[in-house]
Amino acid sequence: MDTPRWRPPALLAKAALAALLALALVFPEWDRFADKAMDVRAFTYPGAVMVVALIWLLRGRGRGTPFPWDIDLLVTAPFLIDVAGNAADLYDTVEGFDDFCHYANWALLGAAAGIALHRWASLKPWAIAVSCAGMGAIAAILWEFFEYWVFILDTPETVTIYRDTIGDLMLGLAGATTAGLAAAAVAVRSRPRVRRNAPDRRPASTVAGLDRAARP
């Protein structure tokens with residue numbers, strides 16, 4: 001479990017996220033930031049990307065568990081992608097970028113959950129896949145609640161927004177399911193193999209002694 005090598009990119013991702021959020025707060029009048037609820041993002045995203053650190057401080061640190069930098073990076077990446085997409089104006093200039101984000105970001109979050117379950121929970125591969133898909137579905141629904149609260153209450157475009165919401169939910173679930181299946185495949189490959197019908201390699205004297213002890 002070589003997680004320290006993921007420390008530099010994880011810290012760099014957090015620093016980039018903080019810089020982009022600060023840029024959005026300094027220049028809220030830019031078209032790419034206007035009406036995108038960047039102030040809400042600046043308030044909620046830093047707390048979201050610190051969830052892994054908080055859980056580790058409450059549970060893992062006292063048990064001597066190394067900090068999971070790989071999981072931390074996977075949790076931070078979706079929020080960075082979202083803010084970077086707004087900063088680069090990709091949502092308004094690149095067709096399909098929003099759909100890509102809903103699939104890819106939930107795949108990243110699902111991968112983080114899959115690694116955590118494989119590393120610390122005694123679950124069968126199929127249970128890991130189902131758990132990742134379920135947690136991804138919950139996260140996708142909560143995100144749509146967030147978007148509804150921030151954006152949709154003030155817009156009359158109810159029909160197109162409903163279709164967009166359904167599509168986003170499907171893409172989020174698909175991304176999380178993909179990550180869950182990948183995590184399950186990794187779990188299957190990493191399970192120790194049990195050799196069947198293996199010859200008894202114990203010394204002959206030991207085998208003979210056990211045989212005499214088993215006789216009435």
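**Surface patch, charged pairs and aromatic pairs in a helical chain**

In this predicted model, Ile-138 has a relative accessibility of 51% and therefore counts as exposed, since a residue is called exposed when this value is over 50%. The residue belongs to helix H7, which covers residues 125-150. Together with Ile-141, Leu-142 and Phe-145, Ile-138 makes a nonpolar surface patch of about 410 Å². Ala-140, which is also placed in helix H7, has a relative accessibility of 4% and therefore counts as buried. When neighbours within four places in sequence are left aside, Ala-140 is in contact with Trp-106, Leu-169 and Gly-172. A further spatial relation of Ala-140 is with Asp-168, for although 28 residues separate the two in sequence, their C-alpha atoms are 7.8 Å apart in space.

The chain as a whole has nine helices and zero strands, and its pattern, read along the sequence, is α-α-α-α-α-α-α-α-α. Of the 216 residues in the protein chain, 37% are buried. The protein chain exposes about 13700 Å², of which carbon and sulfur atoms supply 65%. When contacts between residues at least 6 apart in sequence are considered, 74% of them join residues that are at least 24 apart.

Charged side chains were examined next. Side chains of opposite charge can pair when their charged atoms come close. The count of salt bridges, taken with a limit of 4 Å between a side-chain nitrogen of Lys or Arg and a carboxyl oxygen of Asp or Glu, comes to four. One of these is formed by Lys-14 and Asp-72, whose closest N and O atoms are 2.5 Å apart. This pair links distant parts of the chain, with Lys-14 in helix H1 (residues 7-26) and Asp-72 in helix H4, 58 residues apart. Both Lys-14 and Asp-72 are buried.

Another salt bridge joins Arg-41 to Asp-82, and here the closest N and O atoms are 2.8 Å apart. This pair, too, links distant parts of the chain, with Arg-41 in helix H2 and Asp-82 in helix H4, 41 residues apart. Arg-41 has a relative accessibility of 5% and therefore counts as buried, and Asp-82 likewise counts as buried because its relative accessibility is 6%.

A salt bridge is also formed between Lys-36 and Asp-92, with the closest N and O atoms 3.3 Å apart. Lys-36 lies in the loop between H1 and helix H2 (38-48), whereas Asp-92 lies in helix H5 (residues 90-93), so the pair ties together parts that are 56 residues apart in sequence. The two partners differ in their exposure, for Lys-36 is buried, with a relative accessible area of 17%, whereas Asp-92, at 54% relative accessibility, counts as exposed.

Two of these charged residues, Lys-36 and Arg-41, are touched by Asn-86, a residue placed in helix H4, which covers residues 69-87. The relative accessible area of Asn-86 is 3%, and this residue is therefore buried. If residues up to four places away in sequence are not counted, Asn-86 also touches Arg-32, Phe-33, Met-38 and Tyr-91.

Aromatic side chains form a further set of pairs. A pair of aromatic rings is described by the distance of the centres and the angle of the planes. A search of the whole structure finds seven aromatic pairs. For Tyr-91 and Phe-97, the ring centres are 5.0 Å apart and the planes stand at 80°, so the pair is edge-to-face, a term that applies when the planes are over 60 degrees apart. Phe-97 is buried, with a relative accessible area of 12%, while Tyr-91 is one of the residues touched by Asn-86. Phe-33, which Asn-86 touches as well, belongs to an aromatic cluster that it forms with Phe-27 and Trp-30. An arrangement of another kind, between a charge and a ring, is found at Arg-119, which lies over the face of Trp-120, at 5.5 Å from the ring centre.

Note on methods. Residues numbered from 1 in each chain as written. Predicted model: local features only at pLDDT ≥ 70, side-chain atom pairs only at ≥ 80, totals over all residues. Heavy atoms only, no water. Patch = residues over 30% accessible without salt bridge, like charges linked within 9 Å, V, L, I, M, F, W, Y side chains within 5 Å. Areas by Shrake-Rupley, 256 points an atom, 1.4 Å probe, with all protein chains shown as cover. Helix = DSSP H or I, 4+ residues; strand = E, 2+ residues; numbered from the N terminus. Buried < 20%, exposed > 50% of the residue type's maximum accessible area, 1.4 Å probe, protein only. Contact = heavy atoms within 4.5 Å. Phe/Tyr/Trp six-rings, centres within 6.5 Å; stacked < 30°, edge-to-face > 60°. Lys NZ or Arg CZ within 6 Å of the ring centre and 35° of its normal.
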